[in-house]
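Student: I am new to this structure and would like to learn how to read it one feature at a time. Could we begin with the way helices are packed?

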Amino acid sequence: KTVVFNDFVPKNFSKNFLLNTLHLSEDEIPLFLEFCNADAKSETLANGKNILEITDFLLSKKQEFDKLKN
């Protein structure tokens, strides 16, 4: 069964991680997850379920996300 990245992250990462580690606002979380989901790599990562790799991916996508906001 294919795991959807947008579903995987909220189930496996705390809201605290999203708010305090990634420095996302509550309003940005759904948009950020959609942004990550648009990357083909997200599906592979979610299905592999390697939390360390997904954490690295989220941190790098956050940098890209911030560049788009500015």
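Tutor: Let us do so, keeping in mind that this is a predicted model. Two packed helices are described by the angle between their axes and the distance between the axes. Here the axes of helix H1 (residues 5–12) and helix H5 come within 12 Å, and they cross at roughly 105 degrees.

Student: What is the orientation of H1 and H5 to each other, roughly parallel or roughly perpendicular?

Tutor: Angles from 65 to 115 degrees count as roughly perpendicular, and H1 and H5 are therefore roughly perpendicular to each other. On the H1 side the contact is made by Phe-5, Phe-8, Val-9 and Asn-12, while H5 contributes Ile-51, Ile-54, Phe-57 and Leu-58. Sorted by character, the residues of this contact of H1 with H5 comprise seven nonpolar, one polar and no charged.

Student: Which rings form aromatic pairs, and how many such pairs are counted?

Tutor: The count comes to four aromatic pairs. In one of them, the rings of Phe-32 and Phe-65 have their centres 5.3 Å apart and their planes at 75 degrees, and because planes over 60 degrees apart count as edge-to-face, this pair is edge-to-face. Phe-32 lies in helix H3 (residues 28–37) and Phe-65 in helix H5, so the pair ties together parts that are 33 residues apart in sequence.

Student: Are these two rings' residues buried or exposed?

Tutor: Residues under 20% relative accessible area count as buried. Phe-32, with a relative accessible area of 0%, is buried, and Phe-65, with 5%, is buried as well. Phe-65 also forms an aromatic pair with Phe-35, which is tilted, with 5.6 Å from centre to centre and 55 degrees between the planes. Since Phe-35 lies in helix H3 and Phe-65 in helix H5, that pair ties together parts that are 30 residues apart in sequence. Phe-32, Phe-35 and Phe-65 form one aromatic cluster.

Student: What sits over the ring of Phe-35?

Tutor: The charged end of Lys-61 sits over that ring, 4.9 Å from the centre of the ring of Phe-35.

Student: Where is Lys-62 found, and which residues does Lys-62 touch?

Tutor: Lys-62 is found in helix H5, and with a relative accessible area of 8% it is buried. Leaving aside residues up to four places away in sequence, Lys-62 touches Leu-22, His-23, Leu-24 and Phe-32. The C-alpha atoms of Lys-62 and Cys-36 are separated by 8.7 Å, although these residues are 26 residues apart along the chain.

Student: How should I read the backbone angle phi, and where does His-23 stand in that respect?

Tutor: Most residues other than glycine have a negative phi. His-23, however, has a phi near 55 degrees, a positive value in a residue other than glycine. His-23 is placed in the loop between helix H2 (15–21) and H3, and at 58% relative accessibility His-23 counts as exposed. Lys-49 likewise is not a glycine, yet has a positive phi of about 60 degrees, and its place is in the loop between helix H4 (41–48) and H5.

Student: Which residues does Thr-55 touch?

Tutor: Thr-55 lies in helix H5 (residues 51–69) and is buried, with a relative accessible area of 17%. If residues up to four places away in sequence are not counted, Thr-55 touches Phe-13 and Phe-17.

Note on methods. Residues are numbered from 1 along each chain as its sequence is written. This is a predicted model: local features need pLDDT of at least 70, side-chain atom pairs count only at pLDDT 80 or more; totals for chains, interfaces and linings use all residues. Side-chain values use heavy atoms; hydrogens and water are left out. Helices (H or I, at least four residues) and strands (E, at least two) are DSSP runs, numbered from the N terminus. Buried means under 20% relative accessible area, exposed over 50%, partly exposed in between (1.4 Å probe, protein chains only). Contact means heavy atoms within 4.5 Å. Rings of Phe, Tyr and Trp (its six-membered ring) pair if their centres lie within 6.5 Å; planes under 30 degrees apart count as stacked, over 60 as edge-to-face and the rest as tilted. A charge sits over a ring if NZ of Lys or CZ of Arg is within 6 Å of the ring centre and within 35 degrees of the ring normal. Axes are lines fitted to C-alpha atoms, for helices over the stretch in contact, and angles run from 0 to 180 degrees between N-to-C directions. Angles under 35 degrees count as roughly parallel, over 145 as roughly antiparallel, 65 to 115 as roughly perpendicular and the rest as oblique. Ala, Val, Leu, Ile, Met, Phe, Trp, Tyr, Cys and Pro count as nonpolar, Asp, Glu, Lys and Arg as charged, and the others, Gly among them, as polar.
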